[in-house]
Amino acid sequence: MGHRSICNRLAASLLVGSMIFAAGALAQDKVLPDTVKSGLGSQLVWYDTGGGTTSRVRTETLNADFKGETGVDVVADYNPDMTKFFAAMENGANIPWSIIDVPSMGDFIRARDAGYLEKLDPNIIDFGKMDEGTNYQYGFGSQRFGIVFTYNTTAFPADKQPAGIKDLYNLKDFPGKRCLFNYPQFSADLESALLADGVEPAKLYPLDLDRAFAKLDTIKSQINWWSNGDESIRMLSTGECSMGIAWNGRVFSAIQNDHVPLKMVWSGSLYSQSIMAIPKGAPNVKGGQALIAHFVADQKGQIEFVRRIAYASGIKGLNAASYGPDVAPYIVTPENAANAIEENGEYYAKNLTTVLDRFNRWMAQ
C-alpha cells in the first residue's frame, strides 16, 4: 500500500475538534494531575481504525474532555486496518501518529513483538484504574467489541426469523444478500463459515482455511462486501442485505438512535477488543501517554461514550449497570460473551499474512 497524504483529513479533523471544544468541553471534570498536563504540546495525531460513528462519538466525548482539560487537539487519521501502520514501521518512515487504536489483539501482538510500540508509563498512567487483564504493558485494552450476526427483521416473516450466524449460509430458508467485511480479521468471515460447516466453537482454531473458503464459496455470489462499520449498517438498513455481520456498537446506534429494525444475536458470534497504544518513535510520546491516562480516568466521558456507541472499556468501577439497562444487551458483558466466541489473537498474530494473502486471492477469483 502506498503512502497516502493525510493533510486534508487532518485539517478537517482540526476544524471539527475546534467546534466541539467550543461547544463545551471545558465543562468536564478534571481528572489528570497538573504534573501530567505540562509539556504535552498542542496536537496529537490519532491512528483511528474505528471511523464513522465510533470516531465521531469519541471525538465528541472522551477526546473533547481531554482537550478541555489539556488544550491538546486529538486529530484523527482514519485507516480501516493496520496495513499503513505496519508498512510505515517496517520501512522506518517518519510517522505522524502519537496514539493508535489497534483494532484487534492479533494486530497488537504483532506490533508489540516487532518492537513497534512504546511501553506504558506508570508515572503518567494510573494502572490502578484499569480492570484486571487489560494492562498489556505496551497497550491498554480500551474497547471490547462484538463481531455479531445481525439481520433486518422486516426481511423475513415474523414466524421465520434467523436463529444465528449459521443461517448466513442457509440460502434456501433465508434468501437475500449477505453483508460481510472485506477483511478476514475481526470480521468472522472465516469463523462463521466453519461454524456453519459443523466445526465446534472450541475447535475453530487453528482455522481450516480450505474448509472455510469452500463454505464461503456456497454464498459468494450473494455477498455484498462492506469496508467500514457505517457501510455495514447502511446496507442492512436499506435492504441491500437481509443479514450479515456487523460490529455491536454500530448495530446499537442504528437501533437506538435511528430506530432501524435490526436484531443482533450474540450466540455463535465473536468478540474481541481494540488496544490503545503509542507507536515507537511517536512525535509526541508524552501526549500519547497522557491521552491514555485521561481515557482510563474519565469515567463520566466513558459512560457518555458507551451510552452512545456501546463499546465498553476495561475501567475499574464501571460495569453494565453503569450504562443503563437499555445499553447492557448490546455490550460485551460477561453474560453476552458467555454465548459468543473470543477471536483468537495469537492465531492471527502468527498467521495473518498467510490468511490475508489467501483471502485476497479468493476475493479476486
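Which helix is Asn 63 found in? Hello everyone, and let me answer that straight away: Asn 63 is found in helix H4, which covers residues 62-70. Before I go on, please keep in mind that this is a predicted model.

Let's stay with Asn 63 for a moment. Is Asn 63 buried or exposed? With a relative accessibility of 5%, Asn 63 counts as buried, because the cut-off for buried is under 20%. Leaving aside residues up to four places away in sequence, Asn 63 touches Trp 46, Arg 58, Val 74 and Leu 291.

Next, strand S1, which is where Val 45 lies. Val 45 is buried too, and its relative accessible area is 6%. Now look along the chain for Gly 287, which is 242 residues apart from Val 45. In the model, the C-alpha atoms of Val 45 and Gly 287 are separated by 9.9 Å.

Strand S1 also brings us to the empty spaces. How many cavities of 30 Å³ or more are there? The count comes to 2. The largest cavity has a volume of about 240 Å³. It is lined by 16 residues, and the closest to its centre are Thr 49, Gly 50, Thr 54, Gln 143 and Ser 274. If you want to find the walls by element, strand S1 (43-48), helix H3 (52-60) and strand S4 (140-152) each supply at least two residues of that lining. Which of the elements gives the largest share? That is H3, with 3 residues. By class, the lining of the largest cavity has 6 nonpolar, 6 polar and 4 charged residues.

From the cavity, let's go to the largest pocket. About 460 Å³ of space lies in this pocket. Its lining has 24 residues, and those nearest the centre are Arg 144, Tyr 271, Val 332, Thr 333 and Pro 334. Several elements give two or more residues to that lining: helix H6 (105-113), strand S8 (262-277), helix H13 (320-323), helix H14 (334-337) and helix H15 (345-364). Sorted by class, the pocket lining divides into 12 nonpolar, 6 polar and 6 charged residues.

Now for the charges. Across the whole structure, a search finds 21 salt bridges, and I have picked out a few to show you.

Let's begin back in helix H3. Glu 60 forms a salt bridge with Arg 56, and their closest N and O atoms are 3.7 Å apart. Why might these two side chains be placed to meet? Glu 60 and Arg 56 are 4 residues apart in helix H3, so about one helical turn separates them. As a general point, an α-helix has 3.6 residues a turn, so residues three or four places apart point the same way. Both partners are partly exposed: Glu 60 has a relative accessibility of 30%, and Arg 56 has a relative accessible area of 41%.

Helix H9, residues 229-238, has a pair of its own. There, Arg 234 and Glu 231 form a salt bridge, with the closest N and O atoms 3.8 Å apart. These two lie 3 residues apart, again about one turn of the helix. Arg 234 is partly exposed, at a relative accessible area of 38%. Going back to the H3 pair, salt bridges that share partners join Arg 56, Glu 60, Glu 304 and Arg 308 into one network.

One more pair: the side chains of Asp 173 and Lys 172 meet in a salt bridge, at 3.9 Å from N to O. Here Asp 173 counts as partly exposed, at 29% relative accessibility, whereas Lys 172 counts as exposed, at 76%.

And what about a charged residue with no salt bridge? Please find Glu 191, in helix H7, residues 189-196. Glu 191 is buried yet has no salt bridge. The nearest side chain of opposite charge is that of Arg 211, 13 Å away. So who are the neighbours of Glu 191? Not counting residues up to four places away in sequence, Glu 191 touches Leu 204, Tyr 205, Leu 207, Leu 270, Glu 343 and Tyr 348.

My last stop is helix H5, residues 83-90. Its buried residues are Lys 84, Phe 85, Phe 86, Ala 88 and Met 89. Just after H5 comes Gly 92, which takes a positive phi of about 65°.

Thanks for listening, everyone!

Methods
Residues numbered from 1 in each chain as written. Predicted model: local features only at pLDDT ≥ 70, side-chain atom pairs only at ≥ 80, totals over all residues. Heavy atoms only, no water. 1 Å grid on protein atoms, 1.4 Å probe; cavity = no way out; pocket = protein on both sides within 12 Å on 5 of 7 lines; lining within 4 Å. Points joined across faces, edges and corners; volume = space filled by probe spheres on them. Nonpolar A, V, L, I, M, F, W, Y, C, P; charged D, E, K, R; others polar. Salt bridge = Lys/Arg side-chain N within 4 Å of Asp/Glu carboxyl O. Buried < 20%, exposed > 50% of the residue type's maximum accessible area, 1.4 Å probe, protein only. Lys, Arg positive; Asp, Glu negative; His and termini not counted. Contact = heavy atoms within 4.5 Å.
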